[in-house]
Amino acid sequence: YERADAYPRELSGGMMQRVGLARALAAGAKLLLLDEPLSALDAKIRFELRYELRRLVKDLGLTAIHVTHDQAEAMSISDRIAVMRKGRILQVGTPRELYMRPKSIFVAHFVGEANFLEGYVDALKGDEATVRLRGDLLVQVRGADAKLGERIVLSIRPEALTIRRGRSNDVNSLPGRVERVMFEGVNMRYEIRLDNEDLLVVVRPTLLGDSYEVGERVSVSFSPDKVMVFPYPKRGLRGELSLE
């Protein structure tokens, strides 16, 4: 109430957003249409308002359609998400469904962060497939709905990758060199240039204590169960990832 007599220009961005929401609720609205409501706020206020907004909608039994380009915001607020591209809905599901089981390369790329590797199905055995990447690197994947010789795209989340020093003969261990290191507080982010020139992003919790330096030789590995497999797109991988 200490700001009850303030003019709009005297309110902070967070306060103005709260006032706008209060005006909509005062009119008895049961459906809220929110178009980038948190985009103009600083990071800390935006983070706090995410949960305040979700709590309010739930407590009042409202329905909210929330438009945002911030994937973290969408995943933390929503019960269900619709991913759109050029006015067309590509996939609808819970945040977990879209993140763990995207139906297309674009959705895998747009919801969260993902690495992509191109290759060909070299062998099939049951639900397992051997995939030949660039540079004749071989990896194993499970659950691939693909034919022998088919060109495919593998997608792996950065947190699903592990990293160790030197070379390794383990399954799905790819040799490379650390190209960039970024400290992000909670996580360490490594960009690894593989020997076949593909680039992988690896995210590791900082508290694990492992640390790698730029230029250091490492091996990046992953479980066959953590790979998402997609047919190679007609417009090419770069074209499929484009927002255009």
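The following exercises concern salt bridges in a predicted model.

**Exercise 1.** Determine which parts of the chain the salt bridge between Asp79 and Arg54 ties together, and classify the exposure of both residues.

*Solution.*
1. The N to O distance between the two side chains is 3.0 Å, which satisfies the criterion of within 4 Å.
2. Asp79 is located in the loop between helix H3 (71–77) and strand E3 (81–85), and Arg54 in helix H2 (residues 43–60), so the contact joins parts that are 25 residues apart in sequence.
3. Asp79 has a relative accessibility of 41% and is therefore partly exposed. Arg54, at 26%, is also partly exposed.
4. Arg54 and Asp79 belong to a network of salt bridges that includes Lys58.

**Exercise 2.** Establish whether Glu240 and Arg85, which form a salt bridge, are buried or exposed, and locate each residue.

*Solution.*
1. The side chains of Glu240 and Arg85 meet at 3.7 Å, N to O.
2. Glu240 lies in helix H6 (residues 236–241) and Arg85 in strand E3, so this pair connects parts that are 155 residues apart in sequence.
3. The cut-off for a buried residue is under 20% relative accessible area. Glu240 has 17% and is therefore buried; Arg85 has 11% and is likewise buried.

**Exercise 3.** Classify the exposure of the two partners in the salt bridge between Arg164 and Asp170.

*Solution.*
1. The closest N and O atoms of Arg164 and Asp170 are 3.3 Å apart.
2. Partly exposed residues fall between the limits of 20% and 50%.
3. Arg164, at 42% relative accessibility, is therefore partly exposed, and Asp170, at 41%, is partly exposed as well.

Conventions: Residues are numbered from 1 along each chain as its sequence is written. This is a predicted model: local features need pLDDT of at least 70, side-chain atom pairs count only at pLDDT 80 or more; totals for chains, interfaces and linings use all residues. Side-chain values use heavy atoms; hydrogens and water are left out. Helices (H or I, at least four residues) and strands (E, at least two) are DSSP runs, numbered from the N terminus. Buried means under 20% relative accessible area, exposed over 50%, partly exposed in between (1.4 Å probe, protein chains only).
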